[in-house]
Amino acid sequence: MIIQHFTDNDLYKFSVMLAIQRLYPRAIVRYEFMNRGETDFPEGFAEKLREEVNHMASLKLTQEEKAFITKRCYFFDPVFIDFLEGYQYNPSEVTITQRGGELKIKIEGYWYRTVLWEVPLMALISELYFRERGISPYHVVENAIEKAEALWRMKADHSDFGTRRRFSFEVHDQVIDTLIKHAGEYFKGTSNIWFAMKYDTIPIGTMPHEWFMFHGALYGYRSATMKALEAWVDVYQGSLGITLTDTYTTDVFLQSFNLKQAKLFDGVRWDSGDPLTFVDETLAFYRKNRIDPLSKTIVFSDSLNVRRVQEIKEYVNERIHDAYGIGTYFTNDVGATPLNMVIKLTAVKMSEDSQWQYAVKLSDTPGKHTGNRKEIRLCKETLGIPEDNGE
């Protein structure tokens, strides 16, 4: 089976899981698979994916994994770690259907449980697809060496963010091993907990878009940023302090990012739109609030490659600490065309007896908004965003 380890998942899914358990233990959610690239899946793919999903129920946190999390994830309390030791994936939370080459997937259940499905499920879809198509990887180590050495020469702090759309577990493993050997001190860690444990490096990650989407759906779009950030601080008290900005566009985020939060959070993450514009907006925001930008960090994480990193780094020019979370370019640049797919939160409710509310995301990149179209229009109208921005 493809997923063999309970912690073969990204740190941010566990960090938001703890926050959900603390604050919203009765919340119920729905996620849906979105095939942005309109990939044509081979006949019988759904049945084979179902077998892989069913196997997930056998995964358990090992004592080695527990010891690593206890040591490295100091922001997790013993109660939560004990909970993870007893956690079991429930495959009935995942519905998979296929008609021709069209694959449909829905995840539904208590948010504190279903939050763990997204990353390993996407990794399963990706690896299974290439396996079924008979596609083999090429030049894995050679490509990784070239990238690692280029990043080392430009002194770019970087991490692996490549679990979700990796070519395979084996390719992922080879890439991280190569980055550690050839990027030196500029390789800072990986989002994948299992590989962080294997290579004794730092697990990297904070909060996802779904954290803001949940608050926007239930508390209103104008208050979503403030509510989501305050809730995060209530749980983590200053730890895990890199925040996303683009759930309802960065412009809207910066209007709600108050002085207290700006000083408390270590920095922000760019994940859509133009990165150079983002640098300008972020620097202007910190300076306006009399905060030294050199005390803060921007993590860049959208569709990065070596050329893009160099362009951003030269533009930043040491005006703020810059770091790079690189995903598919690390783990699926092996001669195949990576799948263009996401799994996104689409509906939420506070409890079993509540009504469903749509959850949407407004990207800084035109054309990449996700969710119910009518709700997207309502969100834009509420926030004063022009209709032609992102449709």
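This note goes through the two sheets, the helices packed on them, one pocket and several individual residues of a predicted model.

1. The parallel sheet. Six strands form an open sheet, and their pairing is parallel. The order across the sheet is β5-β4-β9-β8-β7-β6. At the edges stand β5 (187–190) and β6 (242–244); each has a single partner strand, so one side of each is left without a neighbour in the sheet. From one strand to the next, the twist averages 25 degrees.

2. The β4–β5 pair. Strand β4 covers residues 157–160 and runs parallel to β5, to which three bridges join it. Within this pair, Ser 159 stands opposite Gly 189 of β5. Gly 189 also serves as one end of a distance given in point 9.

3. A helix on the parallel sheet. Helix α15, residues 306–316, lies across two strands, β8 (297–300) and β9 (321–326). Its direction is at about 170 degrees to that of β9.

4. The antiparallel sheet. A further open sheet has five strands with antiparallel pairing, in the order β2-β3-β1-β10-β11. Its edges are β2 (94–99) and β11 (357–358), and because each of them has a single partner strand, one side of each is left without a neighbour in the sheet.

5. Pairings within the antiparallel sheet. β2 and β3 are paired over six bridges in the antiparallel sense, with Arg 99 opposite Glu 102 of β3. These two strands form a hairpin with two residues between them, and Gly 100 there has a positive phi near 65 degrees. Strand β3 (residues 102–110) is also joined to β1 by five bridges, again running antiparallel; Arg 30 has Glu 108 of β3 as its bridge partner. At the β11 edge, strand β10 (residues 342–349) pairs with β11 over two bridges in the antiparallel sense, and the partner of Val 348 in β11 is Gln 357.

6. A helix on the antiparallel sheet. α10 lies across three strands, namely β1 (28–34), β10 and β11. The angle between α10 and β10 is about 30 degrees.

7. Positive phi outside glycine. Which residue in the loop between α9 (193–198) and α10 (209–219) deserves a look? Asp 200 is found there, and although it is not a glycine, its phi is positive at about 50 degrees. Asp 200 has a relative accessible area of 48%, so it is classed as partly exposed. Gln 237, in the loop between α11 (224–236) and β6, is likewise not a glycine and has a positive phi, of about 55 degrees. Is Gln 237 buried or exposed? Its relative accessible area is 60%, and Gln 237 is therefore exposed, the cut-off for that class being over 50%.

8. Arg 113. This arginine is found in helix α5, residues 111–114. Arg 113 counts as buried because its relative accessibility is 17%, and the limit for buried is under 20%. Apart from neighbours within four places in sequence, Arg 113 is in contact with Tyr 87, Gln 88, Tyr 89, Asn 90 and Glu 93.

9. Arg 131. Helix α6 (residues 118–132) holds Arg 131, which is partly exposed at 46% relative accessible area. Its contacts, leaving aside neighbours within four places in sequence, are with Ile 2 and Glu 52. How far apart in space are Arg 131 and Gly 189? Their C-alpha atoms are 28 Å apart, and the two residues are 58 apart in sequence.

10. The second largest pocket. How much space lies in this pocket? The volume is about 260 Å³. It is lined by 19 residues, of which Thr 249, Thr 250, Asp 251, Glu 281 and Asp 364 are the closest to its centre. By class, the lining has six nonpolar, nine polar and four charged residues. Helices α12 (250–256) and α14 (275–288) each contribute at least two residues to the lining. Of the elements, α12 gives the most, with four residues.

Terms used. Residues numbered from 1 in each chain as written. Predicted model: local features only at pLDDT ≥ 70, side-chain atom pairs only at ≥ 80, totals over all residues. Heavy atoms only, no water. 1 Å grid on protein atoms, 1.4 Å probe; cavity = no way out; pocket = protein on both sides within 12 Å on 5 of 7 lines; lining within 4 Å. Points joined across faces, edges and corners; volume = space filled by probe spheres on them. Nonpolar A, V, L, I, M, F, W, Y, C, P; charged D, E, K, R; others polar. Pairing = 2+ DSSP bridges. Axes fitted to C-alpha atoms, helices over the stretch in contact; angles between N-to-C directions. Contact = heavy atoms within 4.5 Å. Buried < 20%, exposed > 50% of the residue type's maximum accessible area, 1.4 Å probe, protein only.
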